[in-house]
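This report looks at charged and polar side chains in one protein model. Please keep the sequence and the structure at hand while reading.

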Amino acid sequence: MDAELYLDDIFVLDYDTGLFRLDILQSQRIAITGRYRDFGFNKFGVYSDDLENEVIIALSNKHSVYEIDWKDISRPLLINKYSLMENSTVKNLLLNDQYLIVQSSAEAYNSTNPKFNIDYTWVFSKGSRTYLNAYYTIEHNSSIVEIDFDRENNNLYIADERGLS
């Protein structure tokens, strides 16, 4: 479902079995160096200062993001759970030691529109727990949006049909 190369390790998320942390050895063999066993997640993000003393992962499903301390691979610890709009599709999930950023789309309806999509990027301060209490919310006029996050300087870059902002 999702994969990322982060600080020379490969992370692969499988919807049915969980998150794998892989390393390519000098012998050209792939070694599984960590596994978070769970199911139902379709997107993930990872953050660490060095992959030794700190490994934080974020895993998302259709209504929540779970922030997990994965420093001790055999004993993952749930740090925070962030609520999203119901039936959200998470497109991107980025984090550092201060923020969790979730780019998502959700189906909505009102009295004039029976069905439409809402495209948002939610910037959560660590521990804010719900999209109603997000540090910052960015509404997108299009579902064609790319985001990138400079983790060291807390700069969020957004490119959509109108250009880079």
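Which residues gather in a patch of negative charge on the surface? In this predicted model, the patch is made up of Asp49, Asp50, Glu52 and Asp97. Of these residues, Asp97 can be placed in the loop that runs between strand E9 (88-95) and strand E10 (99-108).

**Salt bridges**

Side chains of opposite charge can pair when their charged atoms come close. How many salt bridges does a search of the whole structure find? The search returns 5. Three of them are listed here, including the N to O distance for each pair.

| Acidic residue | Basic residue | N to O distance |
|---|---|---|
| Asp2 | Lys43 | 3.5 Å |
| Asp9 | Arg21 | 2.7 Å |
| Glu107 | Lys115 | 3.7 Å |

The side chains of Asp2 and Lys43 form a salt bridge. Asp2 belongs to strand E1 (residues 2-6) and Lys43 to strand E5 (residues 43-47), so this pair ties together parts that are 41 residues apart in sequence. Asp2 and Lys43 are both buried.

Asp9 and Arg21 also meet in a salt bridge. Here Asp9 sits in strand E2 (residues 9-14) and Arg21 in strand E3 (residues 18-24), so the parts tied together are 12 residues apart in sequence. Are Asp9 and Arg21 buried or exposed? Both residues are buried.

The salt bridge between Glu107 and Lys115 has a partner at the surface: Lys115 has a relative accessibility of 59% and therefore counts as exposed, the cut-off for exposed being over 50%.

**A buried glutamine**

Gln103 is located in strand E10, the strand that follows the loop holding Asp97. Why does Gln103 count as buried? Its relative accessibility is 4%, and buried means under 20%. A polar atom of the Gln103 side chain lies 2.9 Å from the backbone oxygen of Val145.

**Asn155**

Asn155 lies in strand E14 (residues 155-160). With a relative accessibility of 32%, Asn155 counts as partly exposed, because this value falls between the limits of 20% for buried and 50% for exposed. Asn155 is 24 residues from Tyr131 in sequence, and their C-alpha atoms are 20 Å apart in space.

Terms used: Residues numbered from 1 in each chain as written. Predicted model: local features only at pLDDT ≥ 70, side-chain atom pairs only at ≥ 80, totals over all residues. Heavy atoms only, no water. Patch = residues over 30% accessible without salt bridge, like charges linked within 9 Å, V, L, I, M, F, W, Y side chains within 5 Å. Areas by Shrake-Rupley, 256 points an atom, 1.4 Å probe, with all protein chains shown as cover. Salt bridge = Lys/Arg side-chain N within 4 Å of Asp/Glu carboxyl O. Lys, Arg positive; Asp, Glu negative; His and termini not counted. Charge placed at Lys NZ, Arg CZ, Asp CG, Glu CD. Helix = DSSP H or I, 4+ residues; strand = E, 2+ residues; numbered from the N terminus. Buried < 20%, exposed > 50% of the residue type's maximum accessible area, 1.4 Å probe, protein only. Polar contact = N/O pair within 3.5 Å; in protein donor to acceptor, adjacent residues only side chain to side chain.
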